[in-house]
Amino acid sequence: MTESTSGGASRPPADRGRTTISDGVVEKIAGLAAREVVGVHAMGSGTGLSRTFGAVRERVPGGAKSSASRGVKAEVGEVQTALDLEIVVDYGVSIRDVARAVRENVISAVERMTGLEVVEVNIAVSDVKLPDEPDEEPESRLQ
């Protein structure tokens with residue numbers, strides 16, 4: 001997002017300059033908002049092995065996106081943004097209801113925090129977490 005105006009000292013101080021919001025900021029906001037929805041087990045690739053490698057890469061400095069933005073891709077323009085999310089849902093939930101709730105929560109959070117208009121939120125459900133499947137996130141060796 002970019003805001004700019006021209007003119008002189010007659011403009012209010014808040015209008016003197018511009019604000020830019022990076023894709024990564026919008027991705028973090030959207031990722032956190034999606035995780036708040038009941039029925040979303042994880043963000044990103046559905047395979048346990050991919051989630052495990054992703055978690056390991058995050059612990060390596062410069063290794064990957066932060067966990068807050070995992071599974072989220074944003075395209076940010078000057079006044080609008082579009083988002084693609086990849087989620088893993090819990091077994092037994094209505095995927096349609098979870099996707100609707102994720103879409104609503106993400107749009108609300110991004111628009112409220114950034115002032116950008118969210119033109120679309122595409123959601124790909126890549127896996128279902130079964131009740132008897134263990135979480136495959138490796139334990140940290142650090143305390």
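**Exercises on a predicted model: salt bridges, a loop residue and the core**

At 40% relative accessibility, D97 counts as partly exposed, where buried means under 20% relative accessible area, exposed over 50% and partly exposed in between (1.4 Å probe, protein chains only). This is a predicted model, in which local features need pLDDT of at least 70 and side-chain atom pairs count only at pLDDT 80 or more, while totals for chains, interfaces and linings use all residues. Residues are numbered from 1 along each chain as its sequence is written, and side-chain values use heavy atoms, with hydrogens and water left out.

**Exercise 1.** Determine which residues are linked with D97 in a network of salt bridges.

*Solution.* Begin with the criterion, a side-chain nitrogen of Lys or Arg within 4 Å of a carboxyl oxygen of Asp or Glu; a search of the whole structure with it finds two salt bridges. Next, take the pair R100 and D97, whose side chains meet at 3.7 Å, N to O, and which lie three residues apart in helix 3, about one turn of the helix. Then take E104 and R100, with an N to O distance of 3.9 Å and a spacing of four residues in helix 3, again about one turn. The network therefore joins D97, R100 and E104. Finally, check the exposure: R100 is partly exposed at 43%, and E104 is partly exposed at 48%.

**Exercise 2.** Establish whether S69 is buried or exposed, and identify its contacts beyond four places in sequence.

*Solution.* First locate S69, which lies in the loop between helix 2 (48-59) and strand 2 (72-76); helices (H or I, at least four residues) and strands (E, at least two) are DSSP runs, numbered from the N terminus. Its relative accessible area is 4%, so S69 is buried. Leaving aside neighbours within four places, S69 is in contact (heavy atoms within 4.5 Å) with E27 and K28. As a further distance, the C-alpha atoms of S69 and L32 are separated by 7.5 Å, although these residues are 37 apart along the chain.

**Exercise 3.** Find which residues touch the most other members of the largest nonpolar core.

*Solution.* Such a core is a set of buried Ala, Val, Leu, Ile, Met, Phe, Trp, Tyr and Cys residues joined through side-chain atoms within 4.5 Å. Among the 23 residues of the largest one, L83, L85, V102, V106 and V110 touch the most other members. As for L85, the residues it touches beyond four places in sequence include A34, M43, V102, V106 and I123.
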